[in-house]
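Subject: Structure handover

Hello,

Here is the structure I promised to pass on. Please open it and keep it beside this email as you read.

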Amino acid sequence: MKTLRTGLALALLALPASGCFVFEELDSGANFMNKTPAKEAPTASRSRRPEPSGEKTEWPTLTEWWKKARTIASGPKNESIVRCRLGGSESFMDRGQCLTSGGEALD
């Protein structure tokens, strides 16, 4: 029982000292942010990327790109991947794995 009290007392004494460095880091970070001039945040407008020929090409915004996107990957579609209904839920996997697991391959 005495060791429990001693351990508890030591823990209570050490508790305030454990967070001091956190507050120091927060203060130094706040000071750094106040001294550093704020840069202009990038906007979601069309970005211009220089071309090797010197011409400027307009690139679509992210919202415009997602409206036209059909796949995440830029390569050809993998025809062996199907939607598989298995055990009351659906997931995407290889057709062979779906059928081997007893699922229903949905094209």
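Below is what was found in it, from the whole chain down to single residues.

**The chain overall**

Please note that this is a predicted model. The chain has 107 residues, and 7% of them are buried. Its exposed area is about 9900 Å². Carbon and sulfur atoms supply 61% of that area.

Four helices and five strands make up the secondary structure. From start to end, their order is α-α-β-β-α-β-β-α-β.

I also looked at contacts between residues at least 6 apart in sequence. Of these, 4% join residues at least 24 apart.

**Strands β3, β4 and β5**

Start with β3, which spans residues 81-86. Strand β4 covers residues 89-94. The two pair in the antiparallel sense, over six bridges. They form a hairpin with two residues between the strands. Gly87 in this hairpin takes a positive phi near 65°.

β3 also pairs with β5. That pairing is antiparallel too, over three bridges. Strand β5 is short to list: residues 104-106.

Cys84 is a good residue to click on. Its bridge partner in β4 is Ser91. In β5, the bridge partner of Cys84 is Ala105.

**The salt bridges**

How many salt bridges does the structure hold? There are three.

- Arg83 bridges to Glu90, with the closest N and O atoms 3.2 Å apart.
- Glu90 also meets Arg85, at 3.0 Å from N to O.
- Arg85 in turn meets Glu104, at 3.6 Å from N to O. This pair links distant parts of the chain, 19 residues apart: Arg85 sits in β3 and Glu104 in β5.

Shared partners tie these together. Arg83, Arg85, Glu90 and Glu104 are joined into one network.

Are the network residues buried, exposed or in between? Take each in turn:

| Residue | Relative accessible area | Class |
|---|---|---|
| Arg83 | 34% | partly exposed |
| Arg85 | 38% | partly exposed |
| Glu90 | 40% | partly exposed |
| Glu104 | 42% | partly exposed |

The class follows from the cut-offs: buried means under 20%, exposed means over 50%, and partly exposed lies in between. Arg83 has 34%, so it counts as partly exposed. Glu104, at 42%, is therefore partly exposed as well.

**A nonpolar patch**

Now turn to helix α3, residues 62-68. Leu62 is found in this helix. Which residues make the nonpolar surface patch? They are Leu62, Trp65 and Trp66. The patch measures about 370 Å².

Why does Leu62 count as exposed? Its relative accessibility is 61%. The cut-off for exposed is over 50%, so Leu62 falls in that class.

**Where to look**

For a quick tour, try three stops. Begin at Cys84, with Ser91 as its bridge partner in β4 and Ala105 in β5. Move on to the network of Arg83, Arg85, Glu90 and Glu104. Finish at the patch of Leu62, Trp65 and Trp66.

Best wishes

Terms used
Residues are numbered from 1 along each chain as its sequence is written. This is a predicted model: local features need pLDDT of at least 70, side-chain atom pairs count only at pLDDT 80 or more; totals for chains, interfaces and linings use all residues. Side-chain values use heavy atoms; hydrogens and water are left out. Patches are made of residues with over 30% relative accessible area and no salt bridge: like charges are joined within 9 Å, nonpolar side chains (Val, Leu, Ile, Met, Phe, Trp, Tyr) within 5 Å. Accessible areas come from the Shrake-Rupley method with a 1.4 Å probe; for residues, only the protein chains shown count as cover. A salt bridge is a side-chain nitrogen of Lys or Arg within 4 Å of a carboxyl oxygen of Asp or Glu. Buried means under 20% relative accessible area, exposed over 50%, partly exposed in between (1.4 Å probe, protein chains only). Contact means heavy atoms within 4.5 Å. Two strands pair if DSSP finds at least two bridges between them.
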